[in-house]
Amino acid sequence: MTLDDDLDAMEGAGTGNTRGLLVALAAVAALVVAAIAVGPLLSPRPEADEQAAEGPAAALAAEGKRLYEWRCVSCHGETGVGDGPIAGDLTGPPPGDLTDDDWKHGDRPDRVLAVIARGVDGTMMAGWDTAFAPDELRALAAYTYRLAGRDVPAELLDGAE
Ligand code: HEC
């Protein structure tokens, strides 16, 4: 065996492996596409009424989740229990637990909205009304209810369309 033969053999093996990998990737891609195409067909379609009731609230809460994960998790934590990465370093009261259904500043939608919009004096909870538009503040309030496992109050949906 010469060095050239060795190199040829190595090249051959390399090509074979690459081809095998491509075939495997194509198979995985085909499975993913199939799952995406078939998945919705298998899960039952929600009743029309349920869709009407859930639709706007779910959309608002989903928008709120996106914003929450961006600006609120650092203190309130992924699940809202108040264990965000900087929660322990705050001066003043801790973020508290948003999931416990016993909110310090009340659970009426206007109260929750006011806390998020204007913050709480003497705490690290800032007002967010300069950072977010009114519909985004409503979305954040909606998601706060979802963190506690509660329905989004209808008041928050006003003007949601
Ligand atoms: C820098 C840390 C920090 C960030 C970021 C933060 N919060 Fe807070 N938040 C707090 C603290 C601290 C409190 C507790 C205030 C108090 O004890 O009165 C609080 C309180 C709250 C409350 C009231 C809870 C209750 O028990 O009444 C809500 C609602 C809330 N935050 C929502 C949000 C939302 C929504 C965001 C993102 C837009 C956010 N917070 C971002 C620190 C933070």
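1. Let me start with the cysteines in this predicted model. How many disulfides does the count come to? It comes to zero. A disulfide is a covalent bond between the sulfur atoms of two cysteines, and the count here requires those sulfur atoms to lie within 2.5 Å of each other. Two cysteines are worth a look while you have the structure open. Cys72 is buried, with a relative accessible area of 14%, and Cys75 is buried as well, at 17%. Both values count as buried because they fall under 20%.

2. Next, the overall fold. The protein chain has five helices and zero strands, so reading from the N terminus the order is simply α-α-α-α-α. Of the 161 residues in the chain, 27% are buried. Among contacts with a separation of 6 or more, 46% join residues that are 24 or more positions apart. Several of the points below give examples of parts that meet across the sequence.

3. Now to the metal. Which residues coordinate the iron atom of the ligand? They are His76, through NE2, and Met125, through SD, at 2.0 to 2.2 Å. The iron atom has six donor atoms, and the angles among them run from 87 to 178 degrees, giving an octahedral site. For comparison, the ideal angles for six octahedral donors are 90 or 180 degrees.

4. The two coordinating residues come from distant parts of the chain. His76 belongs to helix H3 (residues 73-76), while Met125 sits in the loop between helix H4 (109-118) and helix H5 (134-147). In sequence they are 49 residues apart. Their surroundings can be compared too: His76 counts as buried, at 13% relative accessibility, whereas Met125 is partly exposed, with a relative accessible area of 24%.

5. A few words on what else touches His76. Setting aside neighbours within four places in sequence, His76 is in contact with Tyr68, Val81, Gly82, Asp83, Gly84, Pro95, Leu98 and Met125. That list includes Met125, which also coordinates the iron atom.

6. You may like the aromatic side chains. The count comes to four aromatic pairs. One of them joins Trp70 and Phe132 edge-to-face, with 6.1 Å centre to centre and 75 degrees between the planes. Trp70 lies in helix H2 (residues 48-71) and Phe132 in the loop between H4 and H5, so this pair ties together parts that are 62 residues apart in sequence. Is Trp70 buried or exposed? Trp70 is exposed, with a relative accessible area of 58%, while its partner Phe132 is buried at 5%.

7. Trp70 has further company. Together with Trp128 and Phe132, Trp70 forms one aromatic cluster. Arg71 also lies over the face of Trp70, at 4.9 Å from the ring centre.

8. On to helix H4 and its packing. The buried residues of H4 are Pro109, Val112, Ala114, Val115, Ile116 and Ala117. Part of what covers them is H5. After H4 comes Gly119, and its phi is positive, near 75 degrees.

9. Thr144 offers a view from the H5 side, as this residue is found in helix H5. At 8% relative accessibility, Thr144 counts as buried. Leaving aside neighbours within four places in sequence, Thr144 is in contact with Leu98, Trp103, Val112 and Ile116. Val112 and Ile116 are among the buried residues of H4, and Leu98 is also in contact with His76. The C-alpha atoms of Thr144 and Lys65 are separated by 8.6 Å, although these residues are 79 residues apart along the chain.

10. One last residue to find on your screen is Arg108, located in the loop between H3 and H4. Arg108 is partly exposed, with a relative accessible area of 48%. Which residue lies 8.7 Å from Arg108, C-alpha to C-alpha? That residue is Pro153, and the two are 45 residues apart in sequence.

Terms used
Residues numbered from 1 in each chain as written. Predicted model: local features only at pLDDT ≥ 70, side-chain atom pairs only at ≥ 80, totals over all residues. Heavy atoms only, no water. Donors = N, O, S within 2.8 Å, 3.2 Å for Na, K, Ca; no water. Tetrahedral: all angles 85-135°; square planar, octahedral: opposite > 155°, others 65-115°. Helix = DSSP H or I, 4+ residues; strand = E, 2+ residues; numbered from the N terminus. Buried < 20%, exposed > 50% of the residue type's maximum accessible area, 1.4 Å probe, protein only. Phe/Tyr/Trp six-rings, centres within 6.5 Å; stacked < 30°, edge-to-face > 60°. Lys NZ or Arg CZ within 6 Å of the ring centre and 35° of its normal. Contact = heavy atoms within 4.5 Å.
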